[in-house]
Amino acid sequence: DENMTLEPRDEEVVFFIEGKPMAKLTVSQEGVSFEIEETTYQVASKGEALSVPVECNTKWSVENSPEWCKVSATSQGVNIVVDRNYQMNERSGTITIKSGVVEQQVIITQSACEWYESFEMINVEAGTFYLGAQSSSSSKANYDPQAYAVESPVHSVTLDEYSISKYEVTQSQWIAAMSSN
């Protein structure tokens, strides 16, 4: 069977003929040779792709990757695609590479983004809508029997396509942008 430890091992095999030992054979098996050149990576907030070379004389596997890292094993090593960090805080994650009982950890640390990069934007399609309200005719657009005069006149508004933040502005984003609360 495979030697899945770091230590080499030897075993003697004795050959018997008619109950008498006739020959001795020593079988040597090397231990796991497992090397990762670099185990710490600093990644920019915008995200990037990494290639981590793995040299190993036996089978190995990848475990425990953070959700913001897409990991795939290849014959040369591990490919890691790090998603963009929308947080204004640095984040760090560990990817474990194992061969038998031997494991090594690769630490990925990703920079925080600037406040103006922390918004995850989505596109809003261009379109036309009626703005305002009126209380004079239920057959006309935007009728509201409780509409105030200040809500009139109802008029058509056309907007080009634009982007807007997917989430509400957080207190941290507001303070970072405005320098106060």
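This passage walks through the overall shape, the sheet, the nonpolar core and the aromatic cluster of a predicted model.

The protein has one helix and 14 strands. Its C-alpha atoms fill a box of roughly 115 × 40 × 25 Å along the principal axes. The radius of gyration tells a matching story: the protein has 32 Å, whereas a compact globule of 181 residues would have a value near 16 Å. Buried residues make up 23% of the 181 residues. Among contacts with a separation of 6 or more, 57% join residues 24 or more positions apart.

Turning to the strands, four of them form an open sheet, arranged in the order β3-β5-β8-β7 with antiparallel pairing. The edges of this sheet are β3 and β7 (69–73), each of which pairs on one side only. On average, neighbouring strands here are turned by 20° against each other, direction ignored. A closer look at one edge shows β7 and β8 running antiparallel and joined by five bridges. For readers following along in the structure, Ser-72 is a handy landmark, with Asn-79 in β8 as its bridge partner.

Some of these strands also contribute to the interior. The largest nonpolar core has 18 residues, and those with the most contacts inside it are Ile-80, Val-82, Val-106 and Ile-108. Two or more residues of this core come from each of β3 (34–36), β4 (40–43), β5 (48–56), β8 (77–82), β9 (91–99) and β10 (102–110). In soluble globular proteins, nonpolar side chains tend to be buried together. Val-106 offers a good view of the surroundings: beyond its neighbours within four places in sequence, Val-106 is in contact with Ile-36, Thr-39, Tyr-41, Val-52, Gly-93, Thr-94, Ile-95 and Ile-97.

The last feature is aromatic. Trp-115, Tyr-116 and Phe-119 form one aromatic cluster, and the count of aromatic pairs comes to two. In the pair of Trp-115 and Tyr-116, the ring centres are 5.7 Å apart and the planes stand at 85°, so the arrangement is edge-to-face. The rings of Trp-115 and Phe-119 have their centres 6.5 Å apart and their planes also at 85°, so this pair is edge-to-face as well. As for accessibility, Trp-115 is partly exposed, with a relative accessible area of 31%. Tyr-116 has 53% relative accessibility and counts as exposed because the cut-off for that class is over 50%.

Key: Residues are numbered from 1 along each chain as its sequence is written. This is a predicted model: local features need pLDDT of at least 70, side-chain atom pairs count only at pLDDT 80 or more; totals for chains, interfaces and linings use all residues. Side-chain values use heavy atoms; hydrogens and water are left out. A nonpolar core is a set of buried Ala, Val, Leu, Ile, Met, Phe, Trp, Tyr and Cys residues joined through side-chain atoms within 4.5 Å. Buried means under 20% relative accessible area, exposed over 50%, partly exposed in between (1.4 Å probe, protein chains only). Helices (H or I, at least four residues) and strands (E, at least two) are DSSP runs, numbered from the N terminus. Contact means heavy atoms within 4.5 Å. Two strands pair if DSSP finds at least two bridges between them. Axes are lines fitted to C-alpha atoms, for helices over the stretch in contact, and angles run from 0 to 180 degrees between N-to-C directions. Rings of Phe, Tyr and Trp (its six-membered ring) pair if their centres lie within 6.5 Å; planes under 30 degrees apart count as stacked, over 60 as edge-to-face and the rest as tilted. The radius of gyration is taken over C-alpha atoms; the globule rule is 2.2 Å times the number of residues to the power 0.38.
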